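Before reading on, take a moment to turn the structure around and to find the chains and the ligands. The paragraphs below begin with one ligand and its surroundings, and then move outward to the strands and to the other ligands.

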Amino acid sequence: MTVSTDQHKEGKKEVTFRVFRFNPQVDSKPYFDDYTIPVERGVTVLRSLNYIKEHIDGSVSFRAFCQAGICGSCGMRVNGLSQLACTTQVWDVLAKSREPGIIKVEPLRNLPLIKDLIVDMDPLVGKMVHYSNWIDSTMPEAQMGKKEFLISEEEFLRYDKATDCILCASCVSECSILRANKEYVSPAVLLKSYRMSVDSRDSMHETRLAELVKDHGVWDCTHCYRCQESCVKSIPIMDAIHGLREDAIESRGKNDTSGSKHAEAFMTDIEKKGKLVEATLPIRTNGVVWTVQNLLPMAMKMIMKRRTPPPPPLVKSVKGIKIFRTMFREMTEHVKQDHKSHKK
Amino acid sequence: MKPFDIVIVGGGGAGLYAAMEAMKTNPALNIAVLSKVYPNRSHTSAAQGGANAALGNKAKDDTVEMHIFDTIKGSDYLADQDAVDVLCSEAPKIIRELENMGTPWSRMEDNTIAQRPFGGAGRPRCCYCSDKTGHTILQTLYEQCLKKGVIFFNEYFALNLSVGGSRSNGLIAMNMKTGKVEAFPAKTVILATGGYAKMYWNRSSNAAGNTGDGQAIAYRAGIPLKDMEFVQFHPTGLRKSGLLVTEGARGEGGYLLNKDGERFMSRYAPEKMELGPRDLVSRSLETEILQGRGFDSPAGKYLHLDLTHLGADLIKSRLPQIREMAMNFEGVDPIEEPIPVRPTAHYSMGGIDTDNQTRTVMEGVYAAGECGCVSVHGANRLGGNSLLDILVFGRIAGRTAAEEAGKFTPGRISEAELAAQFEEIRGGMHPSGRYERYGELREELGQTLALNVGIFRESSLLQKGISDIAELKERFKKVRISDSSDVFNTNLMQVLELKNMLDLAETVAAGAYARQESRGSHTRIDFPVRDDANWHKHTLATLVKGNVTLGEKPVTMGRYELQERTY
Ligand SMILES: Cc1cc2nc3c(=O)[nH]c(=O)nc-3n(C[C@H](O)[C@H](O)[C@H](O)COP(=O)(O)OP(=O)(O)OC[C@H]3O[C@@H](n4cnc5c(N)ncnc54)[C@H](O)[C@@H]3O)c2cc1C
Ligand code: SF4
Ligand code: SF4
Ligand code: FES
């Protein structure tokens with residue numbers, strides 16, 4: 001039997017799903033099970049897993065609900081990349097598979113494993129609570145429902161995209177800081193925090209920000225862009241992170257926070273090694289905050305080719321570091337000039 | 001566990017609103033929300049279109065009264081008019097309330113909440129946030145509940161009410177993470193578990209978990225279900241999955257074609273063509289298929305929704321979601337080829353019988369949202385009225401339960417009862433000898449419902465449906481659960497959901513067989529007209545000694561007399 005055949009379409013492909021298995025009741029460590037099934041065009045990874053569960057092995061466990069890419073239940077890693085199983089086409093994955101004919105399916109990272117492809121979402125919810133990911137309305141409760149706030153389309157557009165987030169935790173799974181520090185706020189929570197903070201109905205912006213600038217907060221992010229690249233709703237998460245940082249600097253002053261110190265440490269690392277000593281990024285002296293705002297995103301994009309941050313002793317200077325340093329200094333100079341002329 | 005004042009089953013729009021309102025009404029109460037999925041995953045998130053409220057932002061002359069009339073007419077006069085009054089009068093307030101709490105509504109030029117036209121409404125009164133209205137409403141409610149510190153039991157699967165005499169002692173549920181069966185003794189229970197349209201399985205636009213658990217729980221506890229035969233079909237579901245292709249595709253000029261390449265709607269609605277009312281278009285598609293003008297495929301017969309003539313630019317700019325869906329779920333790019341579609345079960349009008357305060361016949365048990373039936377939708381729900389329903393009656397449920405909790409003493413659930421529940425769900429996991437497969441039973445249920453209790457109904461078809469369901473129930477006794485683990489046994493959960501669907505399917509088929517008329521979504525080939533003399537009434541299905549027993553309940557009338565429903 002095939003996963004829903006369709007005669008008038010071109011054939012089927014034999015696909016082996018290499019599925020991560022772990023049942024805490026009996027297994028001391030995880031392993032992989034192979035299931036080979038014929039799959040035709042147009043079939044998603046979730047449909048294939050459903051097929052495996054129904055026809056081959058009913059104990060394969062994963063979450064799924066809407067099956068339409070809207071509920072965020074089915075986040076998992078497919079060939080190493082976190083995504084929604086229900087919107088991921090098997091043939092598309094296959095075309096890029098390193099091992100021909102094999103698709104590896106694993107649980108999301110950075111959240112505690114429960115069983116097979118199921119991870120615990122509670123830590124993420126806990127962070128949403130910790131960082132007050134809600135609107136604390138300026139409208140007193142007793143007055144609610146009487147009249148609308150008047151909100152411009154322009155304001156709506158500021159948070160429109162951020163409210164697309166379905167809390168699938170793909171970005172959480174891909175985040176490089178979370179791998180080293182599980183207490184880190186998490187990209188989705190930064191995104192939600194930002195969404196709240198640009199909403200004129202909210203009254204607790206400052207309190208939320210005060211929490212965000214502490215340890216494990218917004219300044220810990222390395223700008224590696226992995227969250228944004230993996231976001232299943234193509235949300236520009238980095239805009240939110242930049243937005244929060246700008247807010248923090250603006251409202252709390254340049255030298256007040258660990259953030260600005262952190263930012264400079266960033267720059268030093270990049271200049272010296274051409275990449276960041278992410279795991280132990282030290283906090284150094286004050287300065288050059290504007291450079292971060294203007295330059296860092298671009299610089300990081302250029303350098304962060306490798307995806308996983310290695311521990312410090314392994315961090316070698318990237319190839320072409322000399323050229324890079326020259327470029328980097330030129331860029332810094334350029335931005336400085338720009339900044340000055342802007343101020344005049 | 002310490003007894004709760006209120007246990008709310010369901011973390012969708014209805015359940016979350018109930019929780020919020022209950023906390024507001026009496027902050028001292030001990031309230032818990034149970035949900036089999038994280039609340040933000042609930043099916044409320046799938047609603048794209050919007051929620052109706054006569055705010056008058058778009059059409060200045062819109063009124064609550066017009067909204068009331070549209071709803072009653074849309075219901076084919078089966079809605080209770082006093083309940084509709086509540087629904088529509090509360091609408092503007094509740095939409096503003098959500099707005100005040102942070103729901104990101106799309107905006108008009110004058111910065112008020114945007115509204116758009118929707119089927120069956122005389123004025124553009126559907127409030128929306130792009131095409132993610134339900135999602136953003138659910139987010140707001142979840143955020144506000146977290147803010148208020150609502151206690152959530154996420155990934156708990158409700159099994160049954162614990163019943164003592166005329167009232168309930170609380171709820172029994174399985175913790176998915178441990179497989180343990182746990183007691184939730186409570187003064188009051190609010191059932192808000194959503195709809196049951198998933199029983200049509202891959203002929204349904206619903207999430208996998210919309211299996212009517214709350215209705216089945218109430219039914220097993222002896223609480224009557226109302227108007228179960230009314231299931232709304234949407235004309236354009238994707239062939240393989242039943243997922244919805246929204247009306248937007250036809251609104252932008254898409255054609256419906258049969259296998260002869262004919263725009264067949266010219267035969268059924270020569271003027272409105274593809275844009276006729278939902279039930280009419282659904283019936284037209286079904287007729288084409290029944291008369292052999294559909295395409296064939298192993299996934300079933302289907303028709304074409306053709307957008308190719310609209311051109312790549314328009315499709316990309318105006319219908320990107322639909323294109324993505326067609327590519328993701330059918331492997332078809334609508335720019336190049338037509339989308340395979342067929343009607344799909346979309347919404348359940350029927351549900352747990354309640355009064356206007358969401359009370360059921362059992363003391364201390366309330367129901368709200370798609371799970372309940374007040375009734376405000378009657379025989380046919382209008383688009384945009386369901387989100388409204390879950391908000392308005394979710395809130396009423398929360399308030400009523402909070403006010404009445406004090407009247408009741410907390411129930412007690414014995415260890416023996418828990419053990420019996422555990423044995424019931426886990427004991428028969430590996431039947432000896434020949435066993436039945438979950439997937440097959442579920443597939444067959446969906447198939448017989450679609451064929452025999454689907455869009456067109458008829459005496460002999462319904463009899464076939466009823467006997468098929470009975471046979472499936474028999475076979476279900478031998479179903480095998482192939483995962484023996486206690487931790488997150490999703491296979492066990494699927495089987496429990498199937499049991500609920502089987503119980504409810506029986507009530508849907510029985511109601512459809514009894515109702516010898518055509519009204520709203522219920523179309524009997526053998527009784528093609530509305531019969532107000534004999535059937536202007538609700539049906540009630542109650543479980544008596546293991547069998548469906550049908551009763552009836554009068555429709556509450558008001559300012560609007562019965563009229564023929566023409567558009
Ligand atoms: C594709 C689609 C589009 C729609 N578009 C619109 C629209 O534009 N406008 C409109 O007004 N309506 C629309 N609807 C209808 C509307 O979305 C639903 O009627 C409404 O969201 C139901 O809300 P609810 O709170 O009653 O239930 P749900 O949101 O379904 O929530 C049910 C909750 O109950 C929980 N639950 C269920 N069973 C159990 C159990 N056994 N144990 C524990 N918890 C359980 C679930 O986890 C969930 O949290 C649409 C429906 C669909 C399918
Ligand atoms: S950019 Fe920041 S938040 Fe995003 S993945 Fe990298 S470290 Fe994590
Ligand atoms: S930001 Fe994107 S990837 Fe992250 S949880 Fe939200 S939708 Fe998923
Ligand atoms: S199942 Fe809902 S997003 Fe995949």
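In this predicted model, a good starting place is ligand 1, where a polar side-chain atom of B:Glu370 lies 2.5 Å from an oxygen atom of the ligand. B:Ser386 also brings a polar side-chain atom to an oxygen atom of ligand 1, at 2.6 Å, whereas for B:Ala158 a backbone N or O atom lies 2.8 Å from a nitrogen atom of ligand 1. How much of the accessible area that ligand 1 has on its own does the protein cover? On its own the ligand has 1000 Å² of accessible area, and the protein covers 97% of that area.

Looking at the surroundings of ligand 1 as a whole, you can count 38 residues around the ligand, and the closest are B:Ser42, B:Thr44, B:Glu370, B:Ser386 and B:Leu387. Sorted by class, this shell is made up of 14 nonpolar, 20 polar and four charged residues. Several elements of chain B give two or more residues to the shell, namely helix H1 (13–25), strand S2 (31–35), strand S7 (156–164), strand S14 and helix H11 (385–404). Which element gives the most to the shell around ligand 1? It is H11 of chain B, which gives four residues.

Strand S14 of chain B leads from the ligand to a sheet, for S14 gives residues to the shell around ligand 1 and is also part of an open sheet of four strands in chain B, whose order is S11-S14-S13-S12 and whose pairing is antiparallel. The edges of this sheet are formed by strand S11 (231–238) and strand S12 (255–257) of chain B, each of which pairs on one side only. Neighbouring strands in the sheet are turned against each other by 45 degrees on average, if direction is ignored. Strand S13 (303–306) and strand S14 (339–348) of chain B are joined by three bridges in the antiparallel sense, and if you follow B:His304 across to S14 of chain B, you arrive at its bridge partner, B:Pro340. Helix H8 (278–290) of chain B lies across S11, S12, S13 and S14 of that chain, and runs at about 65 degrees to S11.

Chain A offers another set of paired strands to trace, beginning with strand S1 (12–21), which is joined to strand S2 (31–40) of chain A by 10 bridges, the two running antiparallel. Within this pair, A:Val15 has A:Ile37 in S2 as its bridge partner. S1 of chain A is also joined to strand S5 (102–106) of chain A, here by four bridges and with the strands running parallel, and the partner of A:Thr16 in S5 is A:Ile102.

Two further ligands can be visited in chain A. Ligand 2 is surrounded by 13 residues, of which A:Cys175, A:Tyr184, A:Cys221, A:Cys224 and A:Cys227 are the closest, and helix H6 (176–180) and helix H10 (237–252) of chain A each supply at least two residues of this shell. What classes of residue make up the shell around ligand 2? There are 10 nonpolar and three polar residues in this shell, and no charged ones. The residues around ligand 3 include A:Cys165, A:Cys168, A:Cys171 and A:Cys231, and at least two residues of the shell come from each of helix H5 (170–174) and helix H7 (187–197) of chain A. By class, the shell around ligand 3 has 11 nonpolar residues, one polar residue and no charged residues.

Terms used:
Residues numbered from 1 in each chain as written. Chains lettered and ligands numbered in written order. Predicted model: local features only at pLDDT ≥ 70, side-chain atom pairs only at ≥ 80, totals over all residues. Heavy atoms only, no water. Pairing = 2+ DSSP bridges. Axes fitted to C-alpha atoms, helices over the stretch in contact; angles between N-to-C directions. Contact = heavy atoms within 4.5 Å. Near = heavy atom within 4 Å. Polar contact = N/O pair within 3.5 Å; in protein donor to acceptor, adjacent residues only side chain to side chain. Areas by Shrake-Rupley, 256 points an atom, 1.4 Å probe, with all protein chains shown as cover. Nonpolar A, V, L, I, M, F, W, Y, C, P; charged D, E, K, R; others polar.
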